[in-house]
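Colleague: Could you walk me through this model and tell me what lies behind the terms people use for it?

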Amino acid sequence: MGASVGFSATMHRMPQAAGPDAAAERPAGSWRLRASTLLLLLAVLLPPALLPLSQVSPLLATEAARLSRQAGEAAIRLAEALPPPPAAGQRPAEMPALAALLAETAPADAWITLLDAEGRVLGRSPALPAERPANLLSVEQAVPGWPLRIRALRAAPPPQAGLLPLAAGLLALALLGLALLVHRREQLAVLAARTAARGARQQAAAMAEAAAQLRLALGASGLGCWSWEEATDRLRCDARAAAILGWSGGGGSLASLADCADPADRPRLAACLDAARRQDAPAHCTLRLDVRPGRATRWIELRAQATEGPDGITWHGVLADITDRHRAEEEQHLLLREVDHRAKNTLAVVQALLRLTRNEDPATLVPRVEARIAAMARAHTLLAQSRWQGAPLRRLLEGEFGRPAGEGAAGPRLEGPAVMLAAVAAQPLAMVVHELASQARQDGALSRPDGQLAIRWSLAADGGLMLAWEEAAAEPAPAPAPARGGLGTRIVEATVRDQLGGRIERSWDQGLRCVIHLPPTSLRPGPVEAAA
């Protein structure tokens, strides 16, 4: 795995990088150990091995050479003293005065023995002593012109130690010093090898930990890794990236990656890479995946960075499935448009309220305008809580009557199923309920101690909503005279008719009975809140 943006399809164990290094250093260390041991053994064993050599006389070779030369001279004198070569079958032993001849030719400090061709002793001069010396030097020389040999014997000189023990001691010290030096170098080499192996293990552990953290981070973020070699057009990706693209394998080419995108977005990938290459900047683009039968549109986001190597340019990057984020961004965009639209409508309604209430009593103008704006604000809060998807009818009614209605006033009774109002109907219906509640508090059932208010709603057969407003009292108030109606009445009728597209029916029994019919468009389809 590379260090910049590495990736793998599966999680692996942490590599044991120190094993090969330690195995590679053990043979070298053991060889150095054997070398120092060998030098130490030589330093200990070589001097005793040289001690026998110290017992050998350094003049032995010189004495042997002198004895050989004397034996040769004796052989020559003997040949000169002898008569001409004997006839066939005649032996030198038969010759007179042989012993005298040997005595004349023999060296003063040596013994001469005359031997024939078969090795038989013909004579000695002088005679060997009964007790021979322990060490003898022996040399043989041929007699010129005769089938005879002269063997010369002499006692070897006594051994002299000389400088050999001193040289052996110096050699032992030198070998011991060299062994200690090699052993010290071995210790330093082993220490350096252990330090290097420990550093390699720590580096391998750090790299493995970084790789594991990268895998965990990529897995937690839902990112997949991919790389593309420009020279070979080889594209590789890990298991997560392959799953996002819908590939069964982990490789392909840049064209295969482009084929996964929607035909309208395919040129965007090449243009993105070209722009990043020219600007020497990271590449970033968003693509729609090609829609397959039975599957919704999916979006992916690609990011990559180019690196130049010996084999050319290679792109390393990540990709992510941003379908949910893209949908959320679209919903947020729609929500912002809806909020902008509702804000403009709210400002228009406030402006209309101000125009309609400018002829009212100045003492009641400000409280009435504030109450109407507060009703719209409560509906706005319910819409914001549902991200402008709608508002629960029961919570809208409870918000209007959650405030005290006056001293001795009783709260309304709410009856009906769980209904979710559409976003376009929430604020208008809140204005209608507020105007009806204001009239009930001022002149209706909520203004009397024995007054009662019931609000019931149900779903109509056409899918719309029917809401009944029923006021009652123990002593009913007289029915109001037919009139054009005040501002509140005009707001209720205009709102139900023009903004909600419904109709309103009014009647008087023990109090006001008002039935509002709203079309199906005023309700939000789909699941609704549970009834309280």
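Modeller: Gladly! Let's start with two helices: H11 passes H12 in a left-handed crossing. Keep in mind that this is a predicted model.

Colleague: What makes that crossing left-handed?

Modeller: The term applies when the near helix is turned anticlockwise from the far one by less than a right angle. H11 and H12 cross in that left-handed way.

Colleague: Why are H11 and H12 called roughly antiparallel?

Modeller: The axes of H11 (residues 423-442) and H12 (residues 487-499) cross at roughly 155°. Angles over 145 degrees count as roughly antiparallel, and therefore H11 and H12 earn that description. Their axes also come within 9 Å.

Colleague: How do you know that H11 and H12 meet, and which residues are involved?

Modeller: Contact requires heavy atoms within 4.5 Å. Among the residues that meet are Met431, Val432 and Leu436 in H11, with Ile491, Val492 and Val496 among those in H12.

Colleague: What about H10 and H11: at what angle do they cross?

Modeller: The axes of H10 (residues 393-401) and H11 cross at roughly 40° and come within 10 Å. Roughly parallel needs an angle under 35 degrees, and roughly perpendicular begins at 65, so an angle between those two limits counts as oblique. H10 passes H11 in a right-handed crossing. The contact includes Leu393, Leu396 and Phe401 of H10, and Leu429, Val433 and His434 of H11.

Colleague: Which strands form the open sheet, and in what order?

Modeller: There are 5 strands, in the order S12-S14-S15-S17-S16, with mixed pairing. S12 (413-415) and S16 (503-508) are the edge strands.

Colleague: What makes S12 and S16 edge strands?

Modeller: Each of them pairs on one side only. From one strand to the next, the twist averages 10°.

Colleague: How do you know that S15 and S17 pair?

Modeller: Two strands pair if at least two bridges are found between them. S15 (residues 465-472) and S17 (residues 512-518) are joined by 6 bridges and run antiparallel. Met466 stands opposite His517 in S17.

Colleague: Where do the helices sit on these strands?

Modeller: H11 lies across S15, S16 and S17, and runs at about 10° to S15. H12 packs on the sheet too, touching S16 and S17, and its direction makes about 140° with that of S16.

Colleague: Let's move to S5 and S6. How many bridges pair them?

Modeller: S5 (residues 224-229) and S6 pair in the antiparallel sense over 4 bridges, and the requirement is at least two. Trp226 has Cys237 in S6 as its bridge partner. S5 and S6 form a hairpin with 4 residues between them, and Asp233 in the turn has a positive phi of about 50°.

Colleague: And how many bridges are there between S6 and S7?

Modeller: S6 and S7 (residues 251-252) pair over 2 bridges, again in the antiparallel sense. That meets the requirement of at least two. Here Arg236 stands opposite Gly251 in S7.

Colleague: Along S6, which side chains are buried?

Modeller: Leu235 and Cys237 point to one face and are buried, while Arg234 and Arg236 point to the other and are not. Buried means under 20% relative accessible area. In a regular strand, side chains alternate between the two faces of the sheet.

Colleague: What share of the protein is buried?

Modeller: Buried residues make up 34% of the 532 residues. To finish the overview, the secondary structure comes to 12 helices and 17 strands.

Terms used: Residues numbered from 1 in each chain as written. Predicted model: local features only at pLDDT ≥ 70, side-chain atom pairs only at ≥ 80, totals over all residues. Heavy atoms only, no water. Buried < 20%, exposed > 50% of the residue type's maximum accessible area, 1.4 Å probe, protein only. Axes fitted to C-alpha atoms, helices over the stretch in contact; angles between N-to-C directions. Parallel < 35°, antiparallel > 145°, perpendicular 65-115°, else oblique.
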